[in-house]
Amino acid sequence: MAGKKEAPLKLGCLIDACSCATLIAYVLVVSSWESLNLSYNLVLIAGGATVLITLYCFSLSNGLQHLQVKSTR
């Protein structure tokens with residue numbers, strides 16, 4: 001388990017990974033827009049579905065916080 005001193009570094013790495021994943025997803029959508037004949041509505045609906053899935057997963061993670069193990073140190 002990571003200590004309190006390592007938490008900022010781990011959090012920074014997590015934010016970096018999320019930013020890289022977002023950039024890669026954006027580049028894939030933009031580069032495949034014309035070759036896959038994507039319509040604006042399809043991309044908009046897919047983005048909305050992604051937001052809904054994210055909110056659902058976020059609500060699940062908030063409901064599971066009571067299962068976390070607390071350190072007694």
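Helices here are DSSP runs of H or I with at least four residues, numbered from the N terminus. With that in hand, let's explore this predicted model through three exercises.

**Exercise 1.** Find the helix that holds V27, and decide whether V27 is buried, partly exposed or exposed.

*Solution.* Start with the position: V27 belongs to helix α1, which covers residues 7-32. Next, take its relative accessible area, which is 46%. Buried means under 20% and exposed means over 50%, with partly exposed in between. V27 is therefore partly exposed. Finally, look at its partners: V27 joins L23, Y26 and V30 in a nonpolar surface patch of about 420 Å².

**Exercise 2.** Describe the largest pocket: its space, its lining and the helix that gives the largest share of that lining.

*Solution.* Begin with the space, about 150 Å³. Then list the lining residues: V29, L38, L42, V43, A46, G47 and T50. Now sort them by character: five are nonpolar, two are polar and none is charged. Last, trace where they come from: helix α2 (residues 40-63) supplies five residues, the largest share of the lining.

**Exercise 3.** Work out what is notable about the phi of N37, and whether N37 is buried or exposed.

*Solution.* First, locate N37 in the loop between α1 and α2. Second, recall that most residues other than glycine have a negative phi. Third, check the angle: phi of N37 is near 50 degrees, a positive value in a residue that is not glycine. Fourth, turn to accessibility: N37 reaches 68%, so N37 counts as exposed.

Key
Residues numbered from 1 in each chain as written. Predicted model: local features only at pLDDT ≥ 70, side-chain atom pairs only at ≥ 80, totals over all residues. Heavy atoms only, no water. Patch = residues over 30% accessible without salt bridge, like charges linked within 9 Å, V, L, I, M, F, W, Y side chains within 5 Å. Areas by Shrake-Rupley, 256 points an atom, 1.4 Å probe, with all protein chains shown as cover. Salt bridge = Lys/Arg side-chain N within 4 Å of Asp/Glu carboxyl O. Helix = DSSP H or I, 4+ residues; strand = E, 2+ residues; numbered from the N terminus. Buried < 20%, exposed > 50% of the residue type's maximum accessible area, 1.4 Å probe, protein only. 1 Å grid on protein atoms, 1.4 Å probe; cavity = no way out; pocket = protein on both sides within 12 Å on 5 of 7 lines; lining within 4 Å. Points joined across faces, edges and corners; volume = space filled by probe spheres on them. Nonpolar A, V, L, I, M, F, W, Y, C, P; charged D, E, K, R; others polar.
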